[in-house]
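Please examine the structure shown here, beginning with the surroundings of a single residue and proceeding from there to aromatic contacts and internal space.

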Amino acid sequence: MGDTLRLAVGVMGNAASMLLFSAPILTFYRIIRKKSTEEFSCVPYIIALLNCLLYTWYGLPVVSYRWENFPVVTINGLGILLEFSFIFIYFWFTSARGKIKVAITVIPVILVFCITAAISAFALHDHHHRKIFVGSVALVASVAMYGSPLVVVKKVIMTQSVEYMPFYLSFFSFLASSFWMAYGLLSHDLFLAAPNLVGSPLGFLQLILYCKYRKTGIMEEPEKWDLERNEEKSKQLQLVINDSTNDKS
């Protein structure tokens, strides 16, 4: 009964995480359509990539005992593909300065994962110590992933607008972290439960802020061609006024 319940919670956690990883698709559709990253930050996606890399490695038989954490591997493997895609799109449409920031952030993330994988595979020789080492690094990355939206939370409070904090991202974050917290507790796995003890309340906080500021109007910036057209009209009007003044003189 215990294993069946744990598997069922793991499946629900997988479903919620799939929705969480897919939620930014709408954001990146907007970026592609406008060909601009606007005020969106790439940091949450880069940290999420590190989290997915580490937990995929954590769930593989190299670290875990056989396939005891198979649900963790499947969803985080999918997360790696999606997060890489989002980061690539962001990199493509951001400014030159933004590209440098993305590269500076992504390279250390890849190095951290590679060093963690190498140490656990070659320096440690049993599952117990490998799980402790990889789980500890993944725990820090997971807490950072759930904490990264706090940057957006600050922006929401300052602007009193939820434009850059999509509802579905916050909702699915809360849902996924709640399921994985339950899965970790049922598995008696501290490294799966602990980060979600942080993620679940933070996701709930984002939902509260969304409910509070969701009625605030979202101001759309005027399109460039609108500005140019208005500027041209202003010039034409000024010429008419000048001509009229000269005729009276």
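In this predicted model, Thr27 is in contact with Phe40, Tyr45 and Pro166, its neighbours within four places in sequence being left aside. Thr27 belongs to helix H2, which covers residues 25–34. Is this residue buried or exposed? Its relative accessibility is 7%, and because buried means under 20%, Thr27 counts as buried.

Tyr45, one of the contacts of Thr27, also takes part in the aromatic interactions. The whole structure contains 10 aromatic pairs. Among them is the edge-to-face pair of Phe28 and Tyr45, with 5.1 Å from centre to centre and 70° between the planes. This pair links distant parts of the chain, since Phe28 lies in helix H2 and Tyr45 in helix H3, 17 residues apart. Both Phe28 and Tyr45 are buried. Together with Phe86, these two residues form one aromatic cluster. A further ring, that of Phe91, has the charged end of Lys99 sitting over it, 5.6 Å from the ring centre.

The internal space comes next. Two cavities of 30 Å³ or more are found in the whole structure, and the largest holds about 220 Å³ of space. Two or more residues of its lining come from each of helices H1 (2–22), H3 (43–59), H4 (70–93), H6 (127–147), H8 (167–186) and H9 (190–213). H9 gives the most, with four residues. Of the 17 lining residues, Asn51, Asn76, Tyr146, Trp180 and Asn196 lie nearest the centre of this cavity. What is the chemical character of the lining? Its residues comprise 12 nonpolar, five polar and no charged.

Technical notes
Residues numbered from 1 in each chain as written. Predicted model: local features only at pLDDT ≥ 70, side-chain atom pairs only at ≥ 80, totals over all residues. Heavy atoms only, no water. 1 Å grid on protein atoms, 1.4 Å probe; cavity = no way out; pocket = protein on both sides within 12 Å on 5 of 7 lines; lining within 4 Å. Points joined across faces, edges and corners; volume = space filled by probe spheres on them. Nonpolar A, V, L, I, M, F, W, Y, C, P; charged D, E, K, R; others polar. Buried < 20%, exposed > 50% of the residue type's maximum accessible area, 1.4 Å probe, protein only. Contact = heavy atoms within 4.5 Å. Phe/Tyr/Trp six-rings, centres within 6.5 Å; stacked < 30°, edge-to-face > 60°. Lys NZ or Arg CZ within 6 Å of the ring centre and 35° of its normal.
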